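Me: I'm new to reading protein models, and I'd like a close look at one part of this one: the surroundings of the ligand. Could you walk me through that spot and then show me how it fits into the rest of the chain?

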Amino acid sequence: MKLWGGRFTKSTNQLVDEYTASITFDKKLASYDIKGSLAHVKMLKKCSVIPANDADMIIDGLHTVADKIENGEAVLHEEHEDIHMNVEKLLTDEIGQVGGKLHTGRSRNDQVALDMRLYLRDVILELTQLLKNVQLALYKQAETHQNTVLPGYTHLQRAQPVLFAHHMLAYVFMFERDVERLTDSWKRVNQMPLGAGALAGTTFPIDRNFVAEELHFDGVCDNSLDAVSDRDFVVEFLSNGSMIAMHLSRLCEEMVQWSSAEFNFIELDDAFSTGSSMMPQKKNPDVPELVRGKTGRVFGHLTGMLTMLKGLPLAYNKDMQEDKEGMFDTAETLSGALRLFAPMIETMHVKDDSMYQAVRKDYSNATDLADYLTEKGMTFRESHEAVGSIVLHCINEGKYILDLNLDELQSFSALIENDIFEALSPEAVVDARKAYGGTGRQSVKQQMEKALKIIKAN
Ligand code: ARG
């Protein structure tokens, strides 16, 4: 017998039951559903919508149901469609017909919106903490490698040397904006929809603010149609999640490249690497590869949700049941990745010497030679041209700029003097970028201070 069976003369086709049920996935909302129901029934009691005795029985019953679901004693059935009706069924099994009073003044439409908001609040708090752990791991690598120089790239071509600490801090600041976005979304998630009913509100003399306070919401949704029919707070989460996944994926890509013999800049700890079933020599960066790969499903859920919503008239439509799996999967995918990331970064071995050797064997100090000539009076265009010729000469001779002696250098420009050798060393080239935000050691120290402050904040 369905909870809504009254107006039907036939039972539902089994295929319809299977197709429309959401219990296989929305059972993840069980604890939130019960938490919401507890607040709702306390309000019904306080407002004398139902008798106090009945309310107390329902409250006790809900606690029993919660325990039984938690310890696996309760069986959730597809024929009861979703978590909301399963909980109500379990409740009436427990306490009898009085359980039927729980749904007074409420619809599954406002109930499911509430459950999702309660769920997302926990996800936001969890992901924020996990992001902070990743930031801290990156910060620690930055701290240990404040003097490590490596090639910086544009177009994946050697461009100018940078400090490894500078590179790590770039991600700390990216993840900080991700934290900010999650934190900012809180005020939109944290509005209480119950009381919207199916779409138009309720005829019962309820107290929505009581429920909001009981569940620690900042306020109540202002419009019942909006409350049950929009899922912009889910879209926003999926968008923020996509940004996190995108940032993680870029770092993953670098870790994969850096682990190759071609780069040879880092080695992941054995505990965070995997081998090959055939090739005995292999040590593979599977974790960063898989995190990079899983970015696809996270972006997919964002696109899926936007597309699902775009043609829906107000208010609730069954299409909206499709809002859950992508949200769960995004939350779980990100938390899984971030959980691994902090220890993986922390234990990553950084090959300072190999990075330094790479910088010694490239032309990434060419800009500094051009700047040097410009300071000595050439226009930047002239010095750009002159240094271009020097680099071309070096390429033809199989040399790097610092391999040339003073005579050879002066044959390109008489302005070059003996101090050039010091000025073009990797350390000097890095330190010359003094202005805040640049890769100079002094600037990086200041960035570190700021980074630590924001990581430690709240
Ligand atoms: N399982 C439904 C969902 O997740 C709950 C709301 C259903 N409401 C309804 N009137 N069919 O969307």
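Reply: Let's start with helix α6, which gives the most to the shell around the ligand, with 3 residues. Please keep in mind that this is a predicted model. The residues that surround the ligand are S22, D26, D82, R108, N109, V112, Y316, K318, M320 and Q321. Sorted by class, this shell holds 4 charged, 3 polar and 3 nonpolar residues.

Where does the ligand lie with respect to domain 1 and domain 2? The ligand lies between them, because both domain 1 (10-104) and domain 2 (109-199 + 219-354) give residues to the shell. If you look along the chain, you will find that it is divided into these two domains and domain 3 (358-456).

Now stay with α6 and follow it to a neighbour. Helix α6 covers residues 108-144 and packs against helix α3, residues 30-46. Their axes are 9 Å apart and meet at an angle of about 115°. The crossing of α3 past α6 is right-handed. On the α3 side, the contact is made by Y32, D33, K35 and G36, while α6 brings Q111, L114, D115, L118 and Y119. Taken by class, the residues of this contact are 4 nonpolar, 3 charged and 2 polar.

Helix α6 turns up again when we move on to domain 3. The C-alpha centres of domain 2 and domain 3 lie 36 Å apart, and their contact takes 22 residues from domain 2 and 19 residues from domain 3. On the domain 2 side, the elements that give two or more residues are α6, β1 (149-154), β2 (157-163) and α7 (164-189). That side divides into 13 nonpolar, 5 polar and 4 charged residues.

Two backbone details are worth finding on your screen. One is in the loop between β1 and β2, where you will find H155. H155 has a phi near 55°, a positive value in a residue other than glycine. The other is the peptide bond from L314 to A315, which is cis, with omega near 5°. A315 sits in the loop between α11 (286-310) and α12 (324-346).

Finally, here is what the UniProt record adds. In an unreviewed entry, UniProt lists residues 6-300 as "Fumarate lyase N-terminal". That span is 61% helix and 6% strand, and its end C-alpha atoms lie 40 Å apart. The unreviewed entry in UniProt also lists residues 363-431 as "Argininosuccinate lyase C-terminal". Over residues 363-431 the chain is 62% helix and 0% strand, with the end C-alpha atoms 17 Å apart.

To retrace the path, go back to the ligand and its shell, to which α6 gives the most. Then follow α6 to its packing with α3, and on to the side of domain 2 that touches domain 3, where α6 is among the elements that give two or more residues.

How values were computed
Residues numbered from 1 in each chain as written. Predicted model: local features only at pLDDT ≥ 70, side-chain atom pairs only at ≥ 80, totals over all residues. Axes fitted to C-alpha atoms, helices over the stretch in contact; angles between N-to-C directions. Helix = DSSP H or I, 4+ residues; strand = E, 2+ residues; numbered from the N terminus. Left-handed = near helix turned anticlockwise from the far one by under 90°. Contact = placed C-beta atoms within 7 Å. Nonpolar A, V, L, I, M, F, W, Y, C, P; charged D, E, K, R; others polar. Domains from an automatic or database assignment. UniProt positions renumbered as here; feature names shortened; annotations may be inferred. Near = placed C-beta within 6 Å.
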